[in-house]
Every structure is written in structure tokens, then in C-alpha cells.
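Colleague: I should like to request a close look at a single part of this model. Please begin with the contacts of one residue and then set them in their surroundings.

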Amino acid sequence: SITLSGDDYTFGGGATTLTTAGDITFSQVGDGTDGMIQTDNNLTLNAGADGTGALKVSGDFRILTTSADDVVDIQSDITGVDDTSTESILIDTHTGTNTGGTIKIAGTVDGANAAGGFKTVTLKGATKVHLGGSITTDHDAAGNNIDIDGPVILTEGLTLDTTQNTGTIDFSSTINSEGSETNALTLKAKGGTIKINGIIGG
């Protein structure tokens with residue numbers, strides 16, 4: 001396992017990869033300044049290379065990149081784990097400009113339990129956002145929203161769920177399965193709107 005206990009991490013000058021058989025854990029509770037990763041190149045986080053680990057985060061966790069061709073590749077689940085903070089995720093490629101950048105999440109995004117549930121999940125990848133598994137915002141308060149900015153590629157069946165409260169689901173662009181695959185898409189909301197600002201499967 002890898003535990004990152006610093007306030008924040010800045011990588012530069014080349015691609016960065018963290019791989020471990022267990023969890024990658026950020027012990028710092030994110031607050032918008034601390035508990036984040038910033039990079040000017042590709043970032044790969046491969047927690048649970050043996051199939052048992054996850055990227056574990058708490059508070060307002062962020063990954064920010066500065067270039068339009070950056071790729072953020074998370075090859076595991078992302079799990080909220082802090083019982084005393086409100087969890088959220090922002091992955092923002094080419095921060096501030098957002099003319100490019102790719103996000104890949106291979107696993108499930110959800111809290112380890114109800115107290116660790118995410119309130120918001122925001123993904124900004126103007127080139128592509130590759131998703132498979134599920135994303136659940138099960139923090140029980142209004143505004144438990146999922147926002148995906150960029151054309152989505154389904155690497156397998158995908159479920160987005162904001163039914164714990166009245167959260168919205170918003171896609172800025174198209175949604176397609178990868179290659180010739182026919183992957184299922186399930187969107188669940190309870191009182192919140194679902195917006196898809198592009199073609200599905202076209």
C-alpha cells in the first residue's frame with residue numbers, strides 16, 4: 001500500500017505512475033487547497049494491482065492538470081473514507097482553459113460507507129472521459145450532483161446514481177460505447193434533473 005500524507009503533491013517534467021498491490025490513501029482531508037495532486041503531464045494511479053485495493057480519499061479531493069494533452073488514468077475504484085468530512089471529487093484536466101485532456105476511471109466511485117459517501121463528482125476531460133462501473137453520490141444532502149464535461153466513452157456498463165437526495169446528473173457532450181461494444185448506460189435520479197447535451201450512441 002501507499003499512503004500520501006503531505007498537504008498536496010505537485011509533479012512536473014514527465015509522466016507520473018503510482019502502482020501498488022494495496023490501497024493508495026490520501027491521509028490529508030481535502031479542502032480545496034490541501035489534499036490534491038497537480039501535474040503538468042500524464043498521471044496514472046494503479047491501486048489494487050492485485051485486485052483488492054482502491055484510491056482512498058477524504059474531503060474535497062482534487063486532481064488538476066495544466067496541459068491539453070494530459071491523461072489522468074485511475075485504474076481502480078475511488079472510495080470516500082472519512083466519517084468527519086464531506087467528500088467530493090474534482091478531476092480537472094487543462095485547468096482553467098479546458099480545451100483538452102482525457103480522464104479514465106476503471107472502477108467504482110462511491111463511499112466506503114454512508115458517512116464516506118460523495119456529495120459531488122465533477123470530471124472535466126474535454127478530449128474524452130472513459131468510464132465503466134458506477135458513480136454514486138450518496139451523501140444525503142441537496143446538491144449531491146454528478147457533472148461530466150467532455151465526450152464520454154463507456155468501457156463497460158455504467159450506472160450513475162444520485163437518488164440518495166435530489167442531485168442532478170449532467171453530461172456536456174456525447175455518450176458512446178468503446179469501439180464496437182454495446183455497453184449499458186443507467187442513470188438514476190430522485191427529484192434532480194438529468195441533462196445530456198449530446199447524442200447517445202451517435
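Which residues does Ile-78 touch, not counting residues up to four places away in sequence?

Modeller: The model is a predicted one, and the description below should be read accordingly. With residues up to four places away in sequence not counted, Ile-78 touches Leu-55, Val-57, Ile-89, Ile-105, Thr-108, Val-109, Asp-110 and Phe-118.

Ile-78 also belongs to the largest nonpolar core, which has 35 residues. Within that core, the residues that touch the most other members are Leu-55, Ile-63, Ile-78, Ile-91, Leu-123, Leu-131 and Ile-148. Leu-55 thus appears both in this group and among the contacts of Ile-78. Strand β17 supplies the largest share of the core, namely four residues.

The strands around this core may be taken next. Eight strands form an open sheet in the order β2-β5-β8-β11-β14-β16-β18-β21, and their pairing is parallel. At its edges stand β2 (8-11) and β21 (194-196), each of which pairs on one side only. On average, neighbouring strands of this sheet are turned by 10° against each other, direction ignored.

Within the sheet, strand β11 (residues 87-92) runs parallel to β14 and is joined to β14 by six bridges. Here Leu-90 stands opposite Thr-122 in β14. Strand β14 (residues 118-124) is in turn joined to β16 by four bridges, again in parallel, and Val-121 has Ile-146 in β16 as its bridge partner. Three bridges then connect β16 with β18, and these two strands also run parallel. Across that pairing, Asp-147 stands opposite Asp-170 in β18.

Strand β16 (residues 146-149) shows a clear division between its faces. Ile-146 and Ile-148 point to one face and are buried, whereas Asp-147 and Asp-149 point to the other and are not buried. In a regular strand, side chains alternate between the two faces of the sheet. Ile-148, on the buried face, is one of the core residues that touch the most other members.

Ile-146 leads on to Thr-162, since the contacts of Thr-162 beyond four places in sequence include Ile-146. The others are Thr-137, Asn-144, Gly-167, Thr-168, Ile-169, Lys-188 and Ala-189. Thr-162 is placed in the loop between β17 (152-161) and β18 (169-171). Its relative accessible area is 0%, so Thr-162 is buried. A polar atom of the Thr-162 side chain lies 2.8 Å from the backbone oxygen of Gly-167.

The edge strand β2 (8-11) brings in the aromatic residues. The structure holds two aromatic pairs. In one of them, Tyr-9 and Phe-26 are arranged edge-to-face, at 6.3 Å centre to centre and with 85° between the planes. Tyr-9 lies in strand β2 and Phe-26 in strand β4 (residues 24-26), so the pair ties together parts that are 17 residues apart in sequence. Phe-26 counts as buried because its relative accessibility is 3%, which is under 20%. Together with Phe-61, Tyr-9 and Phe-26 form one aromatic cluster.

Finally, Thr-19 in strand β3 (residues 16-19) offers a further point of reference. Its relative accessibility is 46%, so Thr-19 counts as partly exposed. Thr-19 touches Ile-2, Asn-46 and Ala-49, with residues up to four places away in sequence not counted. The C-alpha atoms of Thr-19 and Gly-48 are separated by 7.9 Å, although these residues are 29 residues apart along the chain.

Key: Residues are numbered from 1 along each chain as its sequence is written. This is a predicted model: local features need pLDDT of at least 70, side-chain atom pairs count only at pLDDT 80 or more; totals for chains, interfaces and linings use all residues. Side-chain values use heavy atoms; hydrogens and water are left out. Buried means under 20% relative accessible area, exposed over 50%, partly exposed in between (1.4 Å probe, protein chains only). A polar contact is a pair of N or O atoms within 3.5 Å; within protein, one must be able to donate a hydrogen and the other to accept it, and residues adjacent in sequence count only if both atoms are side-chain atoms. Contact means heavy atoms within 4.5 Å. Two strands pair if DSSP finds at least two bridges between them. Axes are lines fitted to C-alpha atoms, for helices over the stretch in contact, and angles run from 0 to 180 degrees between N-to-C directions. A nonpolar core is a set of buried Ala, Val, Leu, Ile, Met, Phe, Trp, Tyr and Cys residues joined through side-chain atoms within 4.5 Å. Rings of Phe, Tyr and Trp (its six-membered ring) pair if their centres lie within 6.5 Å; planes under 30 degrees apart count as stacked, over 60 as edge-to-face and the rest as tilted.
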